[in-house]
Amino acid sequence: MDTNAPVLIGADTLETLVANIFRANGCDDAEAGRISHHLLGANLAGHDSHGVVRVPRYVEWQQAGYILAGQSADVVTDGGAFALLDGKFGFGQTVAPQATALGIERARKHGTAVIALRNAGHVGRIGAYAEQAIEAGLISIHFVNVAGSVLVAPFGGTERRFSTAPFSVGVPTDPPVVLDFATSRVAEGKVLVASNGGKPLPHDALIEPDGRLSADPHTLYGDYPPVGPRNPANGLGAIRAFGEHKGSGLAFMCELLAGAFTGGGCSGPVDARGRIANGMLSIYISPQHFGTDAEFRKTAEDYVAWVKSCRPDTPGGEVLAPGEPEARLRAERLAKGVPLQPDTWEGIVRCARSLGVATPN
Ligand code: NAD
């Protein structure tokens, strides 16, 4: 029997369990539900690195006072079509939807809005905020960084200078187009999975201090036991930025716009307490206000169909639009359940029990 085979958990069961965990950890019903719904949503979309695997870490952060329950973001500057919000280290799943809702409200009023959010607890999968704007018929663009986290080497360098600084764009076509990725060659969660014997990394995902490319998780984590926590602070190497000088340049811009411009701070020497916070600079655009809505949708949808009609590079292959893999997996996982690595599931069960929360048999 394969002891590392994934455990399949029903989406509803998982969402209820995770909400119960955060309720037991001091969140009110609404916030516990938001966190749970968001994390489950990342798993449903196939981004397991940003899903329920984060539950024990969020619980620890909340207990340590790094993320705070019951916050709402303060408006620091309000210019009508632009605003700066301070998340005050509240749960990202509370303050980022709040910032997005404000962006939607202001773009509906003015046609466009720019919302800067700083000091948000981990906001998770950025595509969720692009999807929130899409539901309101808006285009949105999100530059994000992680202040207090430094994991990624810039193009041409071997030392860590960037966070995994994600970027997302959402376009309200039918079906929607949602681009959403970390600007690192791989998300840190994927290095973690590889270190636990999961899917190996691409040969050039990491870089050693002497410039050698590496797929070995020890490059990031240093020495670690076969089972147990991995700490990127123990490794001497770095994850590489994706896309050579171009991806590295996009990561640079995420740090400047989401970190320096919002006032939340860029990636840099790790906070002595290990606290991290997301910054997010978001632009919302209402095609209706520009008077181009119908034409824009038709041209965009025709274009998506034409791109997808491209001859595949491999027999049986297929060209997909950004957001399509997530939509397909969402439908499949909602129907069949969410596959979790056994150690991920055990970590959640252990966390639940430590809080006196009943776990499914
Ligand atoms: P990834 O490398 O899987 O790329 C995902 C993107 O590529 C999506 O837009 C997807 O639709 C598109 N895509 C995938 N396969 C495709 C194909 N065959 N054809 C066309 N498009 C395709 O994502 P990642 O870099 O591992 O990021 C994972 C998640 O981590 C994201 O949701 C991101 O927002 C999140 N993240 C969050 C933080 C944070 O601080 N909150 C930091 C880093 C990453």
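How many salt bridges does a search of the whole structure find? I ran the search and got 18 salt bridges, where a salt bridge is a side-chain nitrogen of Lys or Arg within 4 Å of a carboxyl oxygen of Asp or Glu.

**Ground rules.** I am working with a predicted model, in which local features need pLDDT of at least 70 and side-chain atom pairs count only at pLDDT 80 or more, while totals for chains, interfaces and linings use all residues. Residues are numbered from 1 along each chain as its sequence is written, and side-chain values use heavy atoms, with hydrogens and water left out.

**Entry 1, one ion pair.** Side chains of opposite charge can pair when their charged atoms come close. I picked out Asp 204 and Arg 185, a salt bridge whose closest N and O atoms are 2.9 Å apart. The two residues are 19 apart in the chain: Asp 204 sits in the loop between helix H6 (188–195) and strand S9 (206–207), and Arg 185 in the loop between strand S8 (177–182) and H6. Helices (H or I, at least four residues) and strands (E, at least two) are DSSP runs, numbered from the N terminus.

**Entry 2, domains.** I looked up the division of the chain and found domain 1 (7–64 + 336–354), domain 2 (74–184 + 244–290) and domain 3 (193–240); the bounds come from an automatic or database domain assignment. The C-alpha centres of domain 1 and domain 2 lie 23 Å apart. Their contact (heavy atoms within 4.5 Å) takes 17 residues from domain 1 and 11 residues from domain 2.

**Entry 3, the interface of domains 1 and 2.** I noted a buried area of about 1,100 Å², with carbon and sulfur atoms giving 63%; this is the accessible area (1.4 Å probe) that two parts lose on being put together, summed over both. The rule finds 0 salt bridges across this interface, but 6 residue pairs in polar contact, both residues at pLDDT 80 or more. A polar contact is a pair of N or O atoms within 3.5 Å; within protein, one must be able to donate a hydrogen and the other to accept it, and residues adjacent in sequence count only if both atoms are side-chain atoms. On the side of domain 1 that touches domain 2, helix H2 (29–44) and helix H3 (55–64) each supply at least two residues. H2 gives the largest share of that side, 7 residues.

**Entry 4, ligand.** Which residues come nearest to the ligand? Of the 23 around it (a heavy atom within 4 Å), I listed Asp 180, Ala 182, Lys 190, Gly 323 and Glu 326. An oxygen atom of the ligand is 2.8 Å from an N or O atom in the side chain of Lys 190. For polar backbone atoms, I noted a ligand oxygen 2.7 Å from Gly 323 and one 3.0 Å from Ile 126.

**Entry 5, backbone.** The peptide bond from Asp 174 to Pro 175 is cis, with omega near -5 degrees.
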